[in-house]
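Student: I'd like to learn how to read a structure like this one. Can you walk me through it?

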Amino acid sequence: MTTHYDIIPDIHADIDRLTQTLSTLGYVSDREVWGHPEGRIAAFLGDFIDMGRANKAVLTLVRTMRDQGNAVAIMGNHELNALLYHQPGLNADGTDDGYMRAHSDKNRAQHQTFLDEFPVGHADTAEMLEWFLTLPLFLDLGGLRLVHACWDDVRIETILARRPSGLLAQDDLQEVALEDDASGFAEAVLTTLKGPEAELPTPYFFHDIKGHKRTGLRLKWWQSGAMTWRDAALSVPDPAALPGTPIEGEVAFRAYDAEAKPVFFGHYKRLGSPAIDAPNAVCLDYPRLTCAYKWAGEHQLDPKNLILID
């Protein structure tokens with residue numbers, strides 16, 4: 001019998017968004033334990049923390065659902081960032097502040113709402129970080145796949161060759177923090193959680209949804225065939241400002257096989273209205289329009305199962 005899953009994207013410490021999503025999908029709460037009367041399982045795509053102000057409430061709810069067998073969950077890049085921010089070691093920024101993710105103003109601001117509830121060095125923080133390491137980097141659930149940002153078979157195999165469970169280990173963190181590409185493991189982890197990028201040709205750039213100036217373009221890895229920079233653009237407010245010329249040079253992505261099982265992902269803070277991206281691929285991360293997907297075993301994704309949350 002096929003297990004039916006309700007795929008829920010990035011929550012970012014917004015407990016109202018989470019409970020409203022669960023309620024809309026038919027989950028009910030019995031003494032703070034959320035479950036579905038029909039036995040459906042919630043499938044969370046990571047990024048539970050930061051931005052919103054209810055980190056502890058969101059994490060408690062998700063952990064309880066998973067412990068009770070009512071949910072599965074994977075790691076997002078914000079959980080990885082937290083592991084590195086709180087872990088003593090060296091960082092890729094070259095700053096000697098003693099942590100694997102630099103405690104810069106930018107990084108601290110991004111992580112501040114988590115820090116407000118889980119300060120550096122606190123016992124509760126250490127316990128939560130240990131739980132983050134129980135979140136797999138991806139899940140293949142038989143009829144569907146879950147990943148936070150990018151499913152690439154070569155990178156998935158690189159991770160599995162070292163970690164057959166798909167779980168990061170404490171011993172991996174320094175290598176990932178330094179973005180060490182000697183073994184390919186760190187690059188595989190980072191692309192899986194953050195997606196593939198290519199540098200725009202000079203002098204092009206764009207400003208992301210938060211107003212940050214960027215020259216690295218996130219790529220539509222599920223879209224096959226020749227693409228222009230404009231066609232490939234993800235999470236760019238004004239793609240028309242990008243060059244309409246073909247992507248040239250080495251870019252770090254492979255198109256998702258059109259015959260592969262459905263893959264669900266979040267991460268990209270999409271604009272516009274939620275829609276199926278390919279017959280077997282869909283991004284569910286729309287910060288301005290909450291959505292989820294009710295999967296019932298179909299190989300070709302059905303727009304009718306893409307649910308908008310009121």
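Tutor: Sure, let's begin with surface. Accessible areas come from the Shrake-Rupley method with a 1.4 Å probe. In this predicted model, the accessible surface of the chain comes to about 14,000 Å².

Student: What share of that surface belongs to carbon and sulfur atoms?

Tutor: Carbon and sulfur atoms hold 49% of it.

Student: And how many helices and strands does the chain have?

Tutor: You'll find nine helices and 15 strands. The chain is as compact as a globular protein of its length, because its radius of gyration is 19 Å, close to the 19 Å that the globule rule gives for 310 residues. Along the principal axes, the C-alpha trace spans about 55 × 45 × 40 Å.

Student: How much of the chain counts as buried?

Tutor: Buried means under 20% relative accessible area. By that cut-off, 51% of the 310 residues are buried.

Student: Which residues cover the two faces of strand β4?

Tutor: β4 runs over residues 41–44, with Ile41 and Ala43 on one side and Ala42 and Phe44 on the other. Those four are all buried.

Student: Which strands pair with β4?

Tutor: Strand β1 (residues 5–8) pairs with β4 in the parallel sense over four bridges, and there Asp6 has Ala42 as its bridge partner. Strand β5 (residues 71–73) also pairs with β4 in the parallel sense, over three bridges. On that side, Ala43 stands opposite Val72.

Student: What about charges: how many side chains are positive and how many negative?

Tutor: There are 28 positive and 45 negative side chains, and the centres of the two sets lie 3 Å apart.

How values were computed:
Residues are numbered from 1 along each chain as its sequence is written. This is a predicted model: local features need pLDDT of at least 70, side-chain atom pairs count only at pLDDT 80 or more; totals for chains, interfaces and linings use all residues. Side-chain values use heavy atoms; hydrogens and water are left out. The radius of gyration is taken over C-alpha atoms; the globule rule is 2.2 Å times the number of residues to the power 0.38. Buried means under 20% relative accessible area, exposed over 50%, partly exposed in between (1.4 Å probe, protein chains only). Lys and Arg count as positive and Asp and Glu as negative; His and the chain ends are not counted. The place of a charge is taken as NZ of Lys, CZ of Arg, CG of Asp or CD of Glu. Two strands pair if DSSP finds at least two bridges between them.
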